[in-house]
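Student: I'd like to learn how to read a structure like this one, feature by feature. Could we start with the cysteines?

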Amino acid sequence: MMRVRSIFLAGVVAVAGFAGTLPSSVMAAGDGVKAKSVDWSFYGPFGTFDRAQIKRGWKVYAKVCASCHGLKHVYYRHLLTIGIEPKAMKEMMTSRKMPMIDDAGDAVTRAAKLGDPITAPFANDVAAAKANNGKAPPDLSLIVKARGGGANYIYSLLTGYVTAAACEKEYKGSDGKPLKPESGQSCNTYFPGHIIAMAPPLASEGQVDYDEKGAPKATVSQMAMDVTAFLAWAAEPELEDRKRMGLRVMLFLLILTGLFFVIYRQVWRRVKH
Amino acid sequence: MAADDQAAHGTEGSDEHSRRDFLYIATGAFTAFGAAAVAWPLLDTLNPAADTLAASTVDVDLAPIKPGQRITVKYRGSPVFIDRRSKVQIEEARKVPLKDLQDPETDEARVHKGKDEWLVIVGVCTHLGCIPLGQTPGSKRGEFGGWFCPCHGSHYDTSGRIRKGPAPTNLPVPDYRFTSDTRIRLGEKPKEDTKAGS
Amino acid sequence: MSANAGHGAPQGTPRGRTANWIERRLPVFSTMEHFSQYPTPKNLNYWWNFGSIAGFVLVAMIVTGIVLAMHYTPHVDHAFNSVERIMRDVNYGWLIRYLHANGGAMFFLVVYIHLFRGLYYGSYKAPREIIWWLGIIILLLMMATAFMGYVLPWGQMSFWAAKVITNLFSAIPWVGESITTWLWGGFTVDNPTLNRFFSLHYLLPFVIVGVVVLHIAALHTVKSGNPLGVEAKTPKDTIPFHPYYTVKDLFGLGVFMLVWAFFVFYAPNFMGHPDNYIPADSLATPAHIVPEWYFLPYYAILRAFTADFFMYWPISWLITAKFAGVIAMFGSLLILFLMPWLDTSEVRSSRFRPIYKIFFWVFVIDTIILGYVGANAPDEVAHIALLGLFDFSTGLTWLTIGEITTFWYFFHFIILVPVIGRMERPRPLPHSISEPVLGGGAVGGGAAAQSRPGPMEKA
């Protein structure tokens with residue numbers, strides 16, 4: 001009896017203890033606006049990335065996001081591991097200017113190689129800030145991990161733009177007056193504070209060519225979902241390995257712990273306590 | 001434990017004992033397997049990481065190199081010697097009978113077809129890794145006019161082959177490819193028809 | 001699993017010639033025999049598993065940490081990138097890093113359970129005071145180590161945790177400013193700070209190992225306590241550590257590793273904070289800065305002291321709210337040192353202390369609420385919600401709740417523990433471990449009538 005009760009109590013304490021950390025780690029960002037919930041292929045204990053989706057997502061990134069955002073922790077060679085062919089990277093690799101010192105000792109630039117990181121198209125952070133109203137666009141390598149709500153939040157943000165008129169009607173600023181985006185600003189339901197410097201990146205259907213066989217229609221929502229999936233891979237390229245190994249480790253530990261338990265009972269059989 | 005119990009409770013059947021022994025052996029084996037499975041990732045982290053292994057290439061412009069001149073470029077952290085050899089040096093290398101060599105290899109096999117004057121070798125002594133002398137005109141080149149390793153006295157000839165001293169093998173030829181008549185790219189395999197020795 | 005179970009004194013054990021030769025020069029074998037034959041009370045429950053689990057996690061953290069240090073670069077320009085390289089390019093780097101990051105949290109979980117076990121069963125009482133004090137020193141060292149380790153990835157949370165925690169010292173009158181400057185090695189948290197934190201984060205675990213050795217040495221001097229709180233008197237009360245507790249500890253370790261593995265493989269960032277995947281920016285503080293969960297209760301205590309009543313004379317003249325918060329936060333830990341004196345009861349185990357037992361659990365709940373408070377913004381109205389099962393508003397701000405629970409925390413130690421110890425009438429204690437008092441209720445009912453021989457009688 002004593003034991004059952006103490007185990008029960010321990011359980012309650014553990015659950016309550018962990019629940020205490022929930023508000024910070026699970027809550028979606030954005031003034032309590034709950035992010036849209038998508039049934040991602042990479043969610044769940046057996047989740048994997050949808051290769052075709054990741055490839056489409058890369059196209060969206062390369063065509064749209066990459067004009068402002070870098071992906072510096074991801075290297076072109078990493079793209080090969082998820083099945084993106086070199087020809088799909090070629091255009092970006094030739095357009096990027098990687099600094100180097102030539103034989104004469106002059107600082108020059110060259111095209112990117114497979115061993116290079118996927119950089120933003122700006123020479124440095126200052127140039128990036130200058131070209132973007134004073135704030136450099138964030139690097140996207142870890143964006144899915146770096147935002148509360150993860151992939152759902154990124155997808156919601158990309159599809160959460162509202163017109164300036166709707167903004168004034170729906171949202172109030174900290175001064176209590178209706179929110180009004182100024183020039184160079186946009187309004188987004190899911191962004192904390194709603195006023196965002198990024199113009200709606202995905203605005204029209206067919207903005208990116210989905211010419212692969214069997215590809216879905218390139219709706220704004222589809223493109224947003226694909227690029228989010230790509231960014232989720234970029235943030236956690238180890239995800240598939242991790243879950244696959246996890247299954248093996250958990251099964252192994254279950255058996256091992258079971259064996260330990262049987263031996264424990266065996267050894268203690270004669271001890272009255 | 002098992003032996004103890006046998007003495008104390010001799011009435012118990014041996015079936016139970018063999019079952020218990022099996023249990024212990026199985027658990028021990030499982031634990032050992034688990035320990036090995038944990039040890040491997042820890043050790044494997046010390047192996048070269050993906051970025052280290054990733055194919056990297058270095059382009060070298062050969063145009064400024066005069067006949068008889070040697071230059072050094074850095075590739076994968078080690079020096080690569082590029083030698084624009086004179087006719088005399090090539091002849092010297094080619095007249096040596098293979099049986100006189102410690103690590104028999106023809107000079108033709110160590111250069112690219114039609115590019116006999118260009119010798120490209122990794123400049124790391126095969127004995128214990130020192131950098132042999134001989135890259136600058138005034139430096140010691142050893143008894144065979146190639147390179148001389150100051151650490152333990154290995155002599156290499158004008159083809160970079162080991163001729164005397166403790167080094168076991170010739171200075172290795174790295175993967176490289178002529179991208180034009182006067183440019184090479186280190187780290188890429190040559191196309192079949194120009195491959196060394198063919 | 002050998003024949004140790006029934007052996008008597010260590011010196012009586014026959015050894016081979018080589019073994020004897022070694023033994024005379026270095027007592028390896030007798031030490032091993034000491035550990036395997038160490039007489040342990042036979043009634044230890046599962047709460048006694050956590051000490052060995054903590055030892056295991058310590059070793060696992062040191063091993064994974066050493067490997068990580070081989071790939072990590074302690075420089076503000078490279079730290080974040082080198083961690084990402086570990087995650088992406090180093091073979092199994094993600095595994096080692098997630099093991100280490102989650103292992104830190106697991107270590108605290110285990111040690112907190114170990115500590116509350118000690119509080120419940122009176123493990124700090126004579127003759128085990130030194131074991132208890134060494135344990136608290138280990139906890140303090142762990143906190144310093146964990147804090148400095150959290151800074152190393154150099155994300156936003158790393159940076160701002162370093163900044164806020166080092167700024168605590170600025171509350172010390174007169175010398176505070178000099179101390180923070182000294183801690184930073186500059187005008188703010190910067191490269192010199194990161195470098196020294198890396199050095200100390202590598203050093204302190206080995207200091208912990210040293211204190212753990214003392215903790216165990218003290219334990220083996222006075223022998224283990226047990227859930228009944230009566231000392232082992234006769235050989236009937238004890239069993240040799242091996243194989244009885246080695247197998248039990250292995251089983252507990254298996255369960256623990258399942259929990260750890262679950263987090264590592266399926267929720268590796270659950271206990272982390274998204275903002276730590278944003279590189280450190282000394283010009284912008286994240287909107288919600290929150291410490292790791294194992295620091296939340298202390299954080300709540302720190303924040304419970306606001307300017308409200310500290311702005312009035314004479315309090316304002318004596319102490320600032322900031323300094324009071326810092327003192328309370330450190331005090332909440334240091335007060336544990338006083339437990340051997342604060343607890344006036346003659347009885348060790350809460351099992352026989354009907355009133356104290358209730359307040360023990362109230363105290364546990366109090367610390368959990370403090371954890372909740374630490375995780376939430378102080379001026380927001382507290383909602384209590386659990387996984388969508390229920391959600392109600394308390395009508396109080398988190399700050400108010402924090403003040404109440406902080407008060408209770410100290411009230412518990414300073415008032416309740418000594419007073420209950422004097423006033424309470426404990427239930428009758430059993431005569432010994434193997435003969436619990438008859439009719440004692442929940443404790444091993446009818447065990448006194450047992451006739452089967454215990455393992456010690458077999459020898």
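Tutor: Happy to, and keep in mind that this is a predicted model. Let's begin with a cysteine that has a neighbour but no bond: the sulfur of Cys149(B) has its closest cysteine sulfur in Cys125(B), 3.8 Å away, which is too far for a bond. Cys149(B) is also buried, at 2% relative accessibility.

Student: What cut-off should I use when I judge such a pair, and which other cysteine is too far from its closest cysteine sulfur for a bond?

Tutor: In general, a disulfide is a covalent bond between the sulfur atoms of two cysteines. Here a pair counts if the sulfur atoms are within 2.5 Å. Cys65(A) is another case without a bond, because its closest cysteine sulfur, in Cys68(A), is 9.2 Å away. With a relative accessible area of 15%, Cys65(A) is buried.

Student: How many disulfides does the structure hold over all chains?

Tutor: There are two over all chains. In chain A, Cys167(A) and Cys187(A) are bonded, with 2.1 Å between their sulfur atoms. Cys167(A) sits in helix α8 (residues 164-170) and Cys187(A) in strand β6 (residues 186-188) of chain A, so the bond ties together parts that are 20 residues apart in sequence. Both Cys167(A) and Cys187(A) are buried.

Student: And where in chain B do Cys130(B) and Cys151(B) lie?

Tutor: These two are joined by a disulfide, S to S 2.0 Å. Cys130(B) is in the loop between β4 (118-122) and β5 (145-149), while Cys151(B) is in the loop between β5 and β6 (154-157) of chain B, so the link ties together parts that are 21 residues apart in sequence. Cys130(B) is partly exposed at 22% relative accessible area, and Cys151(B) is partly exposed at 38%.

Student: What handedness do the two links have?

Tutor: Look at the angle about the S-S bond. For Cys167(A) and Cys187(A) it is 75 degrees, a right-handed link. For Cys130(B) and Cys151(B) it is -95 degrees, a left-handed one.

Student: Let's stay with chain B. Which elements does its secondary structure comprise?

Tutor: Chain B has four helices and nine strands. Read from the N terminus, their order is α-α-α-β-β-β-α-β-β-β-β-β-β. The chain is divided into domain 1 (1-47) and domain 2 (53-186), and the C-alpha centres of these domains of chain B lie 58 Å apart. Of its 198 residues, 37% count as buried.

Student: How do I read charged pairs?

Tutor: Look for a side-chain nitrogen of Lys or Arg within 4 Å of a carboxyl oxygen of Asp or Glu. By that rule there are 36 salt bridges over all chains. In chain B, Asp116(B) and Arg94(B) meet in one, at 3.3 Å from N to O. This pair links distant parts of the chain, with Asp116(B) in the loop between α4 and β4 and Arg94(B) in helix α4, 22 residues apart. Both residues belong to a network of salt bridges that also links Arg85(B), Asp107(B) and Glu108(B).

Student: Are the partners Arg242(A) and Glu236(A) buried or exposed?

Tutor: Arg242(A) is buried, with a relative accessible area of 2%, and Glu236(A) counts as buried at 16%. The closest N and O atoms of this salt bridge are 3.0 Å apart. In chain C, Asp343(C) and Arg353(C) form a salt bridge at 3.3 Å, N to O, and both of those residues are buried.

Student: What about nonpolar side chains?

Tutor: In soluble globular proteins, nonpolar side chains tend to be buried together. In this model the largest nonpolar core has 137 residues, of which Trp268(A), Phe108(C) and Met339(C) touch the most other members. Helix α5 (residues 93-120) of chain C gives the most to this core, with 14 residues. Apart from it lies another core of 50 residues, including Val64(A) and Tyr190(A).

Student: Which nonpolar residues form a patch on the surface?

Tutor: Phe46(A), Leu247(A), Leu251(A), Leu254(A) and Ile255(A) do, with about 510 Å² of accessible area together. One of them, Leu251(A), is in helix α10 (residues 239-268) of chain A, and is partly exposed at a relative accessible area of 48%.

Technical notes: Residues numbered from 1 in each chain as written. Chains lettered and ligands numbered in written order. Predicted model: local features only at pLDDT ≥ 70, side-chain atom pairs only at ≥ 80, totals over all residues. Heavy atoms only, no water. Core = buried A, V, L, I, M, F, W, Y, C linked by side-chain atoms within 4.5 Å. Buried < 20%, exposed > 50% of the residue type's maximum accessible area, 1.4 Å probe, protein only. Helix = DSSP H or I, 4+ residues; strand = E, 2+ residues; numbered from the N terminus. Domains from an automatic or database assignment. Patch = residues over 30% accessible without salt bridge, like charges linked within 9 Å, V, L, I, M, F, W, Y side chains within 5 Å. Areas by Shrake-Rupley, 256 points an atom, 1.4 Å probe, with all protein chains shown as cover.
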